[in-house]
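Me: I am new to this structure. Please look closely at one part of it, the strand pairing, and then go from there to what lies around it.

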Amino acid sequence: MHELSLAQSIAEIAQQAASANGDRKVMSVGIRVGELSGVIVDSLTFCFAAITAGTTLEGAALRVDRVPVRAQCRECRTLCGVDNLVFLCPSCGSGDLDIIAGRELQVTDIEVNDEPGEQT
Amino acid sequence: MSVITIERKVLEKNDAIAQQNRELFARHGVFALNLVSSPGAGKTSLLEKTLEHLRGTLPVAVIEGDVQTDLDAQRVARYGVPAVQIITRGGCHLEAHLIRDALANISLEGISLLIIENVGNLVCPSNYDLGEAMKVVIASTTEGDDKPLKYPAMFRNASVLIINKIDLVPYVNTSPATLKANALQINPSLLTFETSCTTGAGIPQWCDWLRRQALR
């Protein structure tokens, strides 16, 4: 259960961005989560709501962009998806794959209210 | 409504401190290992066997991570190595700043190998870079041979797999060959060792490899 500390980091990053942009009300926070990142999205969403309650981020939704695992074979350079965690090149059978997507854990953006007066 | 682009890593703070730790290890010529496994796989027992075997041949220091108690640091201190205990008080993994703080209590002068024993957990520690040279994952034969498939991120992020409790194979429904094949499916570049802390099997091979890495 490291989702709580991840949720805290996400809230911090979103808060900093909101402050740097005139303290506007954050409506939602976009994150990118790779399938190999080891993050349980339901727990993360729950933790995010719990730790933002009573803060300026209260009510902000978490928008999750899940990134499937993609790899490139180091032998034959074929690009492939990785289904069911079989890390084998579908073209030449090599197991020497370079993971090019699927490990992401990033805050991508925040959606904010344009009117300062809309602050709640 | 407007969108403000951020594009920052959630773990950027941890990663920055991990990088500082890594630079500190490099300055002192320390080879740092992050030992991970589920609870009860034998991390501390393997650590004890390793310290016993390396005694007098390689200067080692240990950082122990546990949710509660300093029992492990006490076990390790018996081998005459500098050992610091981190108690996470419920935290399920070690983070880079905890290692940085622990390092304030250990002199790395003259140390060649630092072994960090993480909290027993195959999920969370895989996300947190501590500044180590590599992660070593221990899977014991009593846990079944499907562990790598259930916890792929950890096995993918590790560089070494130790199959521990190899002496119990006759009594459990685990095939070390299947366990190894499952792990290699997730991570074909994994280096594997098979050990028993009861019979001592495989300990010399593991320690020889460790010595070569640390003295490189």
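Reply: **Strand pairing and its surroundings**

Strand E3 of chain A, residues 70–73, runs antiparallel to E5(A), and four bridges join the two. This is a predicted model. Within that pairing, A:Gln72 stands opposite A:Asp98 in E5(A). The two strands belong to an open sheet of three strands in chain A, ordered E4-E3-E5 and paired in the antiparallel sense. Its edges are strand E4 (79–81) and strand E5 (97–101) of chain A, each of which pairs on one side only. On average, neighbouring strands of this sheet are turned by 35 degrees against each other, direction ignored.

Another sheet takes its strands from chains A and B. It is open, has four strands in the order E2(A)-E1(A)-E6(A)-E1(B), and its pairing is mixed. The edge strands here are E2 (61–67) of chain A and E1 of chain B, each with pairing on one side only. Neighbouring strands of this sheet are turned by 20 degrees against each other on average, with direction ignored.

Two of its pairings can be followed through one residue. Strand E1 of chain A, residues 26–34, is joined to E6(A) by seven bridges and runs antiparallel to it. In this pairing A:Ile31 stands opposite A:Val107. Strand E6 of chain A (residues 105–112) is also antiparallel to E1(B), with six bridges between them. There A:Val107 stands opposite B:Arg8. A:Val107 thus faces A:Ile31 in one pairing and B:Arg8 in the other. A helix lies on this sheet as well: helix H1 of chain A, residues 3–20, touches E1 and E6 of chain A together with E1 of chain B, and its direction makes about 40 degrees with that of E6(A).

The pairing with E1(B) leads to the interface between the chains. In total, 25 residues of chain B are in contact with 27 residues of chain A. On the chain B side, strand E1 (2–9), helix H6 (152–157) and helix H7 (176–186) each supply at least two residues. E1(B) gives the most, with eight residues. By class, the residues of chain B that touch chain A are 14 nonpolar, six polar and five charged.

Chain B also has strand pairing of its own, and strand E2 is a useful place to look. E2(B) pairs with strand E5 of chain B (residues 113–117) in the parallel sense over five bridges. One pair of partners there is B:Leu33 and B:Ile115. E2(B) also runs parallel to strand E6 of chain B (residues 134–140), joined by five bridges, and B:Leu35 stands opposite B:Val136 in that strand.

How many residues of strand E2 (residues 31–37) of chain B are buried? Seven of its seven residues are. In a regular strand the side chains alternate between the two faces of the sheet. In E2(B) both faces are covered, with B:Phe31, B:Leu33, B:Leu35 and B:Ser37 buried on one side and B:Ala32, B:Asn34 and B:Val36 buried on the other.

Strand E4 of chain B, residues 83–87, holds B:Ile87. Is B:Ile87 buried or partly exposed? B:Ile87 is partly exposed, because only a count of 20 or more makes a residue buried and B:Ile87 has 16 other C-beta atoms within 10 Å. Apart from neighbours within four places in sequence, B:Ile87 is in contact with B:Asp66, B:Gln68 and B:Asp70.

The helices of chain B pack too. Helix H1 (residues 12–28) and helix H4 (residues 96–103) of chain B have axes 8 Å apart and an angle of about 35 degrees between them. Their crossing is left-handed. From H1(B), the residues B:Asn14, B:Ile17, B:Ala18, B:Gln20, B:Asn21 and B:Leu24 meet B:Ala96, B:His97, B:Ile99, B:Arg100 and B:Leu103 of H4(B). This contact has six nonpolar, four polar and one charged residues.

Last comes chain B as a whole. Its secondary structure comes to eight helices and eight strands. Its radius of gyration is 17 Å, close to the 17 Å that the globule rule gives for 216 residues, so chain B is as compact as a globular protein of that length. Along the principal axes, its C-alpha atoms fill a box of roughly 65 × 45 × 35 Å. Of its 216 residues, 50% count as buried. Among its contacts between residues at least 6 apart in sequence, 75% join residues at least 24 apart.

Conventions. Residues are numbered from 1 along each chain as its sequence is written. Chains are lettered from A and ligands numbered from 1 in the order in which they are written. This is a predicted model: local features need pLDDT of at least 70, side-chain atom pairs count only at pLDDT 80 or more; totals for chains, interfaces and linings use all residues. A residue is buried if 20 or more other C-beta atoms lie within 10 Å of its own, exposed if 12 or fewer, and partly exposed in between; C-beta atoms are placed from the backbone. Two residues are in contact if their C-beta atoms, placed from the backbone, lie within 7 Å. Ala, Val, Leu, Ile, Met, Phe, Trp, Tyr, Cys and Pro count as nonpolar, Asp, Glu, Lys and Arg as charged, and the others, Gly among them, as polar. Two strands pair if DSSP finds at least two bridges between them. Axes are lines fitted to C-alpha atoms, for helices over the stretch in contact, and angles run from 0 to 180 degrees between N-to-C directions. The radius of gyration is taken over C-alpha atoms; the globule rule is 2.2 Å times the number of residues to the power 0.38. A crossing is left-handed if the near helix is turned anticlockwise from the far one by less than a right angle, and right-handed if clockwise.
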